[in-house]
Amino acid sequence: MISYAELGLVNTVELFKKAVKGGYALPGYNFNNLEQLQAIIQACVQTKSPVILQVSAGARKYANQHLLRYMAKGAVEYARELGCDIPIVLHLDHGDSFEICKDCIESGFSSVMIDGSHFPFDENVALTKKVCEFAHSRKDYVSVEGELGVLAGVEDDVSSEHSHYTQPEEVEDFVKKTGVDSLAISIGTSHGRAKFKPEQCTRDANGLLVPPPLRFDILEEIEKRIPGFPIVLHCSSSVPVEYVQMIEKYGGKLTGSVGIPEDQLRRAAKSAVCKINIDSDGRLAMTAIIRKVLAETPDEFDPRKILGPARDELKKIYAHKNVTVLGSAQRA
């Protein structure tokens, strides 16, 4: 067993208090490989932003739990080398059992999400409470994120055909009974790069799909019921059309891609939403540049020259997110 403090990591408790008070959201950036991690740390050091490094259960299997531990420790040292000792959280995204949360906590994660949202309310409460009791009993307090409401779409091992909005009347009871540190809610975001079906959208003058607005009325009612409590938005990529078009230009097929407008995310970040999860945007940016490099230099076989430009593009968009969308820049 190892404590996250030994790795130089922090939990989310104080970071979320500052975010709620300051009217900004921390980035929750998912990563699967070295280049993604480099880009995240570079972007957050450049903008002096705290960051939550997120690892899904699928990514953990892909990368290996032991390598992940030392990648997180390396991220802390890398940030210092780059000149800014930013707060870094290592977070399990969408843990689906007590066992995986326990295993992550014991291997150095400083924060875990237990997603019991697909269970009936009482089962969700019982599972979330069990994880909280274990995480909070540690010498170094591990923060826990729960979820109420179901997000549609597919991402890694998480999938649901339909979304169910969070019921505001349930949140106070859930938070009180579980002891959870933050709460992910469903107000209209969804997994994957196609956040909405075409029939749910309108089209602008250029024929591009325009998604329906987020349910800020639900968010505002939740804020009234649990004032000041940290709220999390999952699946909040904006799916930039330029990356979708680049992928399709170089042989990909991503028809129907549509994301969350950045102005809506900025509005959410000014409320009690203190963490916004972004994954698909990073995947799109890296895939677009990799396809472009391979198409334009078909004789290239050095992974560094293929992945390096993709890493640099990812850094650029995440620096933009921190400054313009989340408001987390200069908050480290």
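Biologist: How many of the residues of strand β3 (residues 88–95) are buried?

Modeller: This is a predicted model, and a residue is counted as buried in it when its relative accessible area is under 20%. Strand β3 is largely enclosed by the rest of the structure, because the residues that pass this cut-off number eight of the eight.

Biologist: Which strand pairs with β3 over six bridges?

Modeller: One of the bridges joins Ile88 of β3 to Val51. The pairing runs in the parallel sense, and the partner of β3 over six bridges is strand β2 (residues 51–56).

Biologist: What is the bridge partner of Gly95 in β4?

Modeller: β3 also pairs with β4, in the parallel sense and over three bridges. Helix α5 (residues 98–106) joins β3 and β4 in a right-handed β-α-β unit. In β4, Gly95 has as its bridge partner Ile114.

Biologist: Which helix makes a right-handed β-α-β unit with β4 and β5?

Modeller: Strand β4 (residues 111–114) runs parallel to β5, and three bridges join them. Met113 stands opposite Glu145 in this pairing. The helix that completes the right-handed unit with β4 and β5 is α6 (residues 121–136).

Biologist: Which residue of β8 stands opposite Glu145?

Modeller: Strand β8 (residues 182–185) pairs with β5 in the parallel sense, over four bridges. Glu145 of β5 faces Met113 in one pairing. In β8, the residue opposite Glu145 is Ser182.

Biologist: Are the faces of β5 covered or uncovered?

Modeller: Strand β5 (residues 143–148) has six of its six residues buried. On one side these are Ser143, Glu145 and Glu147, and on the other Val144, Gly146 and Leu148. Both faces of β5 are therefore, by the cut-off of under 20% relative accessible area, covered.

Biologist: At what angle do helix α7 and helix α8 pack?

Modeller: Two packed helices are described by the angle between their axes and the distance between the axes. For α7 (residues 168–178) and α8 (residues 216–225), the axes are 9 Å apart. α7 passes α8 in a right-handed crossing. The packing angle of α7 and α8 is about 35°.

Biologist: How many residues of the contact of α7 with α8 are charged?

Modeller: From α7, the contact uses Pro168, Glu169, Val171 and Glu172. From α8, Ile218, Glu221, Ile222 and Arg225 take part. No polar residues are in the contact and four are nonpolar, while the number that are charged is four.

Notes:
Residues numbered from 1 in each chain as written. Predicted model: local features only at pLDDT ≥ 70, side-chain atom pairs only at ≥ 80, totals over all residues. Heavy atoms only, no water. Axes fitted to C-alpha atoms, helices over the stretch in contact; angles between N-to-C directions. Helix = DSSP H or I, 4+ residues; strand = E, 2+ residues; numbered from the N terminus. Left-handed = near helix turned anticlockwise from the far one by under 90°. Contact = heavy atoms within 4.5 Å. Nonpolar A, V, L, I, M, F, W, Y, C, P; charged D, E, K, R; others polar. Buried < 20%, exposed > 50% of the residue type's maximum accessible area, 1.4 Å probe, protein only. Pairing = 2+ DSSP bridges. Right-handed = clockwise from strand over helix to strand, strands pointing away.
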